[in-house]
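Here are some notes to go with your first look at this structure. Have the 3D view open as you read.

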Amino acid sequence: MTPQNDCFLRALKREHTDFTPVWLMRQAGRYLPEYCATRAQAGSFMGLAQNPDYATEVTLQPIDRYGIDAAILFSDILTVPDAMGLGLSFVAGEGPVFAHPVQDEAAVAALAVPEIEEKLGYVTAAVRSIRRALNNRVPLIGFSGSPFTLACYMIEGRGSRDFRTAKTMMFRRPDLFSRVLDVNAEAVAAYLNAQIAAGAQAVQIFDTWGGMLADGDFQRFSLAATKKVVERLTRTTPEGERVPVIVFTKGGGEWLSAIADCGCDAVGLDWTTNLTRARRELGDRVAIQGNMDPLALFGDEETIRREVRRVLDAFGPVGKGGHVFNLGHGINQFTPVENVQILVDEVHSYSRRFHTAD
Ligand code: CP3
């Protein structure tokens with residue numbers, strides 16, 4: 001069924017809209033007091049993510065508060081390696097940690113695509129529950145990490161500045177590294193297809209760490225694996241609507257054309273990329289998502305409005321293109337809550353001039 005507000009899906013399909021739709025990466029998170037209250041009830045991040053009622057509640061919080069144009073499933077990219085048996089926990093002050101990282105030949109050989117319904121049934125249950133609660137107000141985005149970004153965490157065992165352990169395997173044993181990517185590509189495709197079957201109306205692949213690769217290595221390792229995922233996706237909902245695919249590569253500004261060629265409908269940009277130049281390079285063959293600096297939300301009201309307008313001006317008249325407004329990366333946990341409303345309102349009002357009838 002078409003959502004009442006289908007602006008986000010139409011922009012991804014490069015169809016006419018009256019204004020530019022907006023959502024924010026990590027829009028359900030710790031900057032929202034109501035999120036912190038629900039998280040306290042749940043006891044932990046995984047307690048939230050694994051309980052479909054809590055996951056539904058926090059997914060809807062930014063929609064109810066701000067009038068954002070799309071909801072994103074509340075979960076985490078690291079649920080997939082957790083389902084592979086790596087033992088995910090979030091340690092306060094340290095971020096995500098795996099009890100069983102994949103660091104030798106035996107561990108790589110033992111890796112397998114998890115049984116999605118058995119191991120990640122809480123995610124598909126959350127998707128169904130969120131769709132019911134949204135009642136077609138706005139579309140629901142499903143997501144996954146890219147095979148490469150997941151491999152970084154799986155091999156390193158935790159977050160890192162340079163992912164030295166993971167890159168050591170990539171350079172010393174590219175055969176092992178490629179096998180991890182192959183398993184991940186299959187797992188991610190199965191996981192996203194399960195989200196689509198459960199009701200996700202668009203999907204985003206987060207390649208958070210692809211941008212730390214050298215030119216050549218990015219294409220060979222990260223992008224090739226993302227392409228395998230995209231090729232395997234079911235591109236229609238159970239009701240027969242197209243499911244747009246967004247690929248977001250942080251630090252991917254150097255490779256926009258190559259990313260657009262992976263078969264996706266939209267390319268997500270971080271804030272370091274010049275949006276005018278990106279559009280010139282990509283033409284209107286894909287939609288573009290982005291790309292305000294998340295920390296611009298720490299400016300005063302006038303600054304936030306100016307930064308929003310700068311992004312919309314940089315994209316320019318939408319014409320036959322498609323623009324989805326977003327931040328260039330996830331919203332910072334210390335963002336003042338009222339500033340997000342300023343951003344959403346400014347996007348909705350100022351963007352109208354760029355959506356003329358022709
Ligand atoms: O966008 C949304 O609102 C949907 C939910 C979402 C979360 N994580 C919830 C979350 C999404 C899309 C993600 C993606 C994710 N998770 C990425 C890719 C995007 C990016 O930001 O680059 C990555 C790299 C992760 C891994 C991860 N999960 C990290 C590094 C952390 C932070 C750990 C910490 O303690 O700071 C998480 C935890 C996490 N995932 C939180 C949220 C809201 C915060 C944890 C909490 O509430 O305690």
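Is Y35 buried or exposed?

1. Start with that tyrosine, bearing in mind that this is a predicted model. Y35 has a relative accessible area of 3%, and since buried means under 20%, Y35 is buried.

2. Next, look at F74. Its relative accessible area is 5%, so F74 falls under the same 20% cut-off and counts as buried too.

3. Now take the two rings together. A pair of aromatic rings is described by the distance of the centres and the angle of the planes. For Y35 and F74 the centres are 5.7 Å apart and the planes stand at 55°, so this pair is tilted. The label follows because planes under 30 degrees apart would be stacked and those over 60 edge-to-face.

4. Where do Y35 and F74 sit along the chain? Y35 belongs to helix 2 (33-42), while F74 is in the loop between strand 1 (71-72) and helix 5 (79-86). They are 39 residues apart, so to speak, and the pair links distant parts of the chain.

5. The pair has company: Y35 and F74 form one aromatic cluster with F45 and F90. Across the model, the count of aromatic pairs comes to eleven.

6. On to the empty space. Rolling a probe the size of a water molecule over the atoms shows where empty space is left. The largest pocket has a volume of about 1500 Å³. Of the 46 residues that line this pocket, R26, R30, D76, F90 and P96 are the closest to its centre. F90 is also a member of the aromatic cluster.

7. Which elements supply at least two residues each to the lining of the largest pocket? They are helix 2, helix 3 (45-49), strand 2 (88-91) and strand 3 (95-98). By type, the lining has 26 nonpolar residues, 14 polar ones and six charged ones.

8. The second largest pocket holds about 230 Å³ of space. Its lining includes W271, N291, D293, E307 and R310. Helix 13 (275-282) and helix 14 (301-315) are the elements that give two or more residues to this lining, and helix 14 gives the most, with four. Here the split is five nonpolar, four polar and three charged.

9. One last spot to check is R309. The charged end of R309 sits over the ring of Y350, at 5.9 Å from the centre of that ring.

Methods:
Residues numbered from 1 in each chain as written. Predicted model: local features only at pLDDT ≥ 70, side-chain atom pairs only at ≥ 80, totals over all residues. Heavy atoms only, no water. 1 Å grid on protein atoms, 1.4 Å probe; cavity = no way out; pocket = protein on both sides within 12 Å on 5 of 7 lines; lining within 4 Å. Points joined across faces, edges and corners; volume = space filled by probe spheres on them. Nonpolar A, V, L, I, M, F, W, Y, C, P; charged D, E, K, R; others polar. Phe/Tyr/Trp six-rings, centres within 6.5 Å; stacked < 30°, edge-to-face > 60°. Buried < 20%, exposed > 50% of the residue type's maximum accessible area, 1.4 Å probe, protein only. Lys NZ or Arg CZ within 6 Å of the ring centre and 35° of its normal.
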